[in-house]
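User: I'd like to go through this structure with you, a few questions at a time. Could you keep the reasoning short and end each reply on what I asked for?

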Protein chains: 2
Amino acid sequence: MSEPAPLPAADAGVLTALLDGEYAALRGRVRDFLTEHASFHVEVEELGRDDYRDRVRDLVVEAAADDLTRSGYPAAYGGHDDFGGNVAAFETLAFGDLSVLVKFGVQFGLFGGAIQMLGTAPHHEAWLADIGAAKLLGSFAMTETGHGSNVQAIGTTATYDPATDEFVIDTPDDDARKDYIGNAARHAQAAAVFAQLVVPGSDGQPEQHGVHALFVPLRDESGAPLPGVRIGDCGKKLGLQGVDNGRIWFDGVRVPRTNLLNRYGDVSAAGVYTSPIDNPDRRFFTMLGTLVQGRVCVGGAGITASKTALTIATRYAAGRRQFGPAGKPETVLLDYGQHQRRLLPLIARTYALHFAQERLARDFHEVFTAGDATSERRRRALESRAAATKALATWHATTAIQECREACGGAGYLAANRFAALKADTDVFTTFEGDNTILLQLVGKGRLTDLKDEFGSFDQVDMVRYVGRQAIETLAEKVIARSVVERVRDAARGHDEGEPGGDLLDPAYQLRMLRTREERITGSVARRLKAGMDAGEDPSEVFSRCQHHLLAAASAHAERIVLEALLTKVAAMPEGPERTLLEKLGHLHALAEIERDRAWWLEHGRLSTERAKSVTRAVDTLCRELRPHALTLVDGFGVPEALLTQEI
Amino acid sequence: MSEPAPLPAADAGVLTALLDGEYAALRGRVRDFLTEHASFHVEVEELGRDDYRDRVRDLVVEAAADDLTRSGYPAAYGGHDDFGGNVAAFETLAFGDLSVLVKFGVQFGLFGGAIQMLGTAPHHEAWLADIGAAKLLGSFAMTETGHGSNVQAIGTTATYDPATDEFVIDTPDDDARKDYIGNAARHAQAAAVFAQLVVPGSDGQPEQHGVHALFVPLRDESGAPLPGVRIGDCGKKLGLQGVDNGRIWFDGVRVPRTNLLNRYGDVSAAGVYTSPIDNPDRRFFTMLGTLVQGRVCVGGAGITASKTALTIATRYAAGRRQFGPAGKPETVLLDYGQHQRRLLPLIARTYALHFAQERLARDFHEVFTAGDATSERRRRALESRAAATKALATWHATTAIQECREACGGAGYLAANRFAALKADTDVFTTFEGDNTILLQLVGKGRLTDLKDEFGSFDQVDMVRYVGRQAIETLAEKVIARSVVERVRDAARGHDEGEPGGDLLDPAYQLRMLRTREERITGSVARRLKAGMDAGEDPSEVFSRCQHHLLAAASAHAERIVLEALLTKVAAMPEGPERTLLEKLGHLHALAEIERDRAWWLEHGRLSTERAKSVTRAVDTLCRELRPHALTLVDGFGVPEALLTQEI
């Protein structure tokens, strides 16, 4: 196998500009802020928890002073009406200490976001400017000990008392205590509290109206909890020690009726409940949907943390020598094939996820800028894309940081080299702002719904036909096996003549492969679910059996949209060495994914055994080709140099 | 697909007895010790680093008082001449705080082990009893900043000075400082220091004799470093904060000539070097081989930590409810198919690795008990098995603990629930006591050497024939494809009639599958290496290209010996519900591995696409069958209940 010609040298600055995109100026300002506070993550390393938390609070307040915290708020309250800017600022801030990032997200995104999205003009007028300026610190009190993912079943109640025109907030039992609430243990003066809304009905019986949010003061001027509010500390966590996560119990806490964030449901002084959305389920999911920003942001932060880890590990690998031929200098780690295999596909995937995240952030910006003018379908698509991207991005962060730590050996274990904090702080990204498994499940169910929309209900003729056609294809594969044809063709052609598996490097082919997998798995899980239901089995039993399959459908969808985003981006680049480099990187990303799950295509006759082996060879070759450009690629990530002063 | 009949209830106590094996009594004593100190890991949680380190030291001293620390030392020095006991004690101690474990390992295993294995009678006489009683605390100073994996290239020198009958220890540059040395920053009074031995030759030119170890005092009675010794602190690490890792520089430090641990190389008063092993490479690897105990122990500790994590996560999953059908109690997490898929294969793999570790520990015991009577081949086999088991076991720990943390959501992120410490403390297991990638490389190279031994050198006729036969088989597969035959047979039989893929549940078939993979990959990487060499390419270039392939061969070997150990153990069990349960668990372990890498068998015509899909279905079915026994299986791990008082 002859080596391909070397790629021309690319400019890391051009790559950074490409990644920074339309928010380059804002990202630059956040980088300057981080550079100014470059020693922060070192200084806090040895602080006690309370001091660390206070330092984090101080830095969040400083970020507000630098106008980095409220791009998405209305201009009337100090913001810039720019939702996308919020995401870009958050993503960039993730190059620094992640406790600062999470505290920032809780304050301006979750707490402020709840006021902005679920509240109405009087609420904005009362609080939004102070929140954006970090003069009013707050929490987002949704999760309870007994209910994390299943928010609809939380136990906290907000009962309307017409006698005083107030809501009374109560925690019925310890399962319903608010838990893991960021900002609560130490700093929050107030919280957006999610509770089951209860209104005395005309017949005297209480009416339940489902989950709503209220603005609830938590602490007095001295910082002491207000009467009826009990606050505990979650104590030491796996990471993010600079965030003061706490627990909150409410015992008959009274707030004015007007503290109900009433955009999607209101109660009149007389105790009459009204809502612009009649269906309670739809109302609940609409409310939750307005809070998608947190999910969008966390995925972006995961990608940023991966960039930091990969920059440190790649620079180490390009300098560190170990073993090698006798009598010569030892070999540079990055010249080992296995080391290339460890790092380069992760770099490629980080670029791909970055572009997928950019697309997501743009959709988010457009949907939220359009506001009520956006279609239900468009909003649902955004939520699905946010869930898919967040799950892939945060799992990628966990994987990439772990691989980078191990690739730096003992040096990677020292806190000074940043992996300790990166690993511990990002760990919770996979389960907060939506547990990744639950998110993929949502994506999977969404895909089934889309299928249903396209073909009518599961009972209609078209659907049956659709299912039928696929079933016939499956049967045909069993007997004549498309792969056999491909195999014979490969053997006849002789895969070592010329470019090995030439058309593997065709992006259209790569995307077709990922599309095929997505469509086939989605169709097949739909058939299984339908068959189980038709046979009258217990639906939750049927679901449990198909869950793994449904998640595979969701992953396949998510992988497809990531590749699509990468290819779309690269196709729009001007000709030049950077485009050539990213084209190669795109091949590596696509083929590494096809290699990872090649069994699926083999099993479904979409890949011959010879072509599958060619995929592995192509990944090897691409790693070698990209090796001389590894430093350029990580320099392109634009991690502020001041944050890369680790020992190694 | 009909559900199989439920398995009979098994007794967790019987499983624990099976796992504890011949060292049940000793393991019981260690469990008692941990139970007595059950609050230790909670108490140290909030301590400052120095206090934590001192508490750890104190507990290690207490373990010595309880006679848990020196099973493997000679009876003459307070030990029990029982190498296997050492491993069993260490493995069991890993249920507790892992800083205590690692400090214990450094003191009694690495430091004491070096004195025992590399020293001779006068050294044993002088120090071994005090080391075992923790009266003389010490370090194992091998790794340097510039050389972790490649020990043979370390820079520290020990130069013999005939004028004073002393060795002079020097650190030539910062790359040669001793680094990450456990026990060094605070407590060690002495160290086993590895250095390049230099002796003035008869012609006045210094002679290099390679790496040797010396006993070097580090601190005086007051704890201050001795003249010429400089000690730094590695500071905060990713985990194991209770271990005082440090850096050591030597500047003209003099020790008596007799402090050379001289079992494998000695220097006379006149400065004449002698060794029972002439070949310097063989001598080096023999010396290193005597230190295999550390590697054996770390793998075992990884398995133990996985047991703790899986017990916590499985108990949580069996109690926690989230989502479910309207109007009914929410569904228990463990009743979700995906949750079963997340936890049960990890439980199965933990059992499999336990038995592989048991086999390794027995081999270790036998080889070291036999001492010099053991053959070179037997020692090499032990080292290969230790490397393979350690790599798989510690990567498994990283994977299992991460999965368990995520499976417990936000609760998993709280330090009180133990995953924080488990994750951080075990993380370094994958790269210390041999970096896993380097270890698998050793295993892979060993397999190639075995092949060479079997068939003579690469140039001989038999080898060429062997390679040739395989090559012909490969060609045949390209054209007629054995899988096609299998596929047609499956299709004809109709895989839904009767037991799906019946013979998948034949252990002989499972093992044959893993053997085939191992043999084929090893043969194929041998051919690639040979072809590259024959073509006159740069050997390091050839190696770099084949490294990924070589590591795949090593993994395949490691997986085979793990499955073999599991099957061997289960086959020796008496009939009964525990055996029936472990047989099922064995199927799950084997088929989950075949499913994970099914692409390989598909590509090599050893699995038809239909059979591959049956493997996936069988894994699903086995998870459902084992679900009612999940608690029994984790209870069987025998984690001391006093250590399972986490919040969740």
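**Helix ends, symmetry and cysteines**

User: Let's begin at the start of H17(B): which backbone nitrogen does a side-chain oxygen of Asp506(B) reach?

Analyst: Keep in mind that this is a predicted model. Helix H17 of chain B covers residues 507–534, and a side-chain oxygen of Asp506(B) comes in at the start of that helix. The distance is within 2.9 Å, and the nitrogen belongs to Ala508(B).

User: What span should the 28 residues of helix H17 of chain B have, and what do the end C-alpha atoms give?

Analyst: Past the helix comes Gly536(B), with a positive phi near 75°. For H17(B) itself, 1.5 Å a residue is the yardstick, so the expected span is 40 Å. The end C-alpha atoms agree with that, being apart by 40 Å.

User: Which residues does UniProt list for the Acyl-CoA oxidase C-terminal domain of chain A, and what is the helix share of that span?

Analyst: The UniProt record, an unreviewed entry, lists residues 507–644 of chain A under that name. The end C-alpha atoms of this span lie 35 Å apart. Strand makes up 0% of residues 507–644, and helix makes up 81%.

User: And the Acyl-CoA oxidase C-alpha1 domain of chain A: which residues are listed, and how far apart are the end C-alpha atoms?

Analyst: UniProt, again in an unreviewed entry, gives residues 289–445 of chain A for this domain. That span is 75% helix and 0% strand. Its end C-alpha atoms are apart by 16 Å.

User: How are the two copies related?

Analyst: A turn of 180° with a shift of 0.0 Å along the axis lays chain A on chain B, at an RMSD of 0.0 Å. The two copies are therefore related as by a two-fold rotation axis.

User: Which residue of chain A comes closest to the rotation axis?

Analyst: Going by C-alpha atoms, the closest approach to the axis in chain A is 2.1 Å. The same surface serves both copies, with 98% of the contact residues of chain A recurring in chain B. The residue closest to the axis is Ala599(A).

User: Why is the sulfur of Cys623(B) not bonded to that of Cys404(B)?

Analyst: Over all chains, the structure holds 0 disulfides. In chain A, Cys623(A) is in none, and its nearest cysteine sulfur is that of Cys404(A), 14 Å away. A disulfide needs the two sulfur atoms within 2.5 Å. In chain B, the sulfur of Cys404(B) is the closest one to that of Cys623(B), yet it is too far for a bond, at 14 Å.

User: Is Cys623(A) buried or exposed?

Analyst: The cut-off for buried is under 20% relative accessible area. Cys623(A) has 1%, so it falls on the covered side. The verdict for Cys623(A) is buried.

User: Which elements of chain A do the buried residues of H4(A) pack against?

Analyst: H4(A) runs over residues 49–65, with its end C-alpha atoms 25 Å apart, in agreement with the 24 Å its 17 residues should span. Its buried residues include Tyr52(A), Val56(A), Leu59(A) and Ala63(A). They pack against helices H2, H3, H6 and H7 and strand S7.

User: How many residues of H10(B) are buried?

Analyst: H10(B) takes in residues 337–370, and its end C-alpha atoms are 50 Å apart, which agrees with the expected 50 Å. Just after this helix, Gly371(B) has a positive phi of about 60°. H10(B) is mostly covered, and of its 34 residues the buried ones number 28.

User: Which side chain makes a polar contact with the side chain of Arg378(A)?

Analyst: Arg378(A) sits in helix H11 of chain A and is partly exposed, at 37% relative accessibility. It touches Asp363(A), Glu366(A) and Val367(A), leaving aside residues up to four places away in sequence. One of these makes the polar contact, at 3.1 Å, and it is Glu366(A).

User: Where is Asn183(A), and what is its phi?

Analyst: Most residues other than glycine have a negative phi. Asn183(A) has a positive one. It is buried, with 1% relative accessible area. The residue lies in the loop between strands S4 and S5 of chain A, and its phi is near 80°.

Technical notes: Residues numbered from 1 in each chain as written. Chains lettered and ligands numbered in written order. Predicted model: local features only at pLDDT ≥ 70, side-chain atom pairs only at ≥ 80, totals over all residues. Heavy atoms only, no water. UniProt positions renumbered as here; feature names shortened; annotations may be inferred. Helix = DSSP H or I, 4+ residues; strand = E, 2+ residues; numbered from the N terminus. Expected span 1.5 Å × (residues − 1). Polar contact = N/O pair within 3.5 Å; in protein donor to acceptor, adjacent residues only side chain to side chain. Least-squares fit on C-alpha atoms with pLDDT ≥ 70 in both. Contact = heavy atoms within 4.5 Å. Buried < 20%, exposed > 50% of the residue type's maximum accessible area, 1.4 Å probe, protein only.
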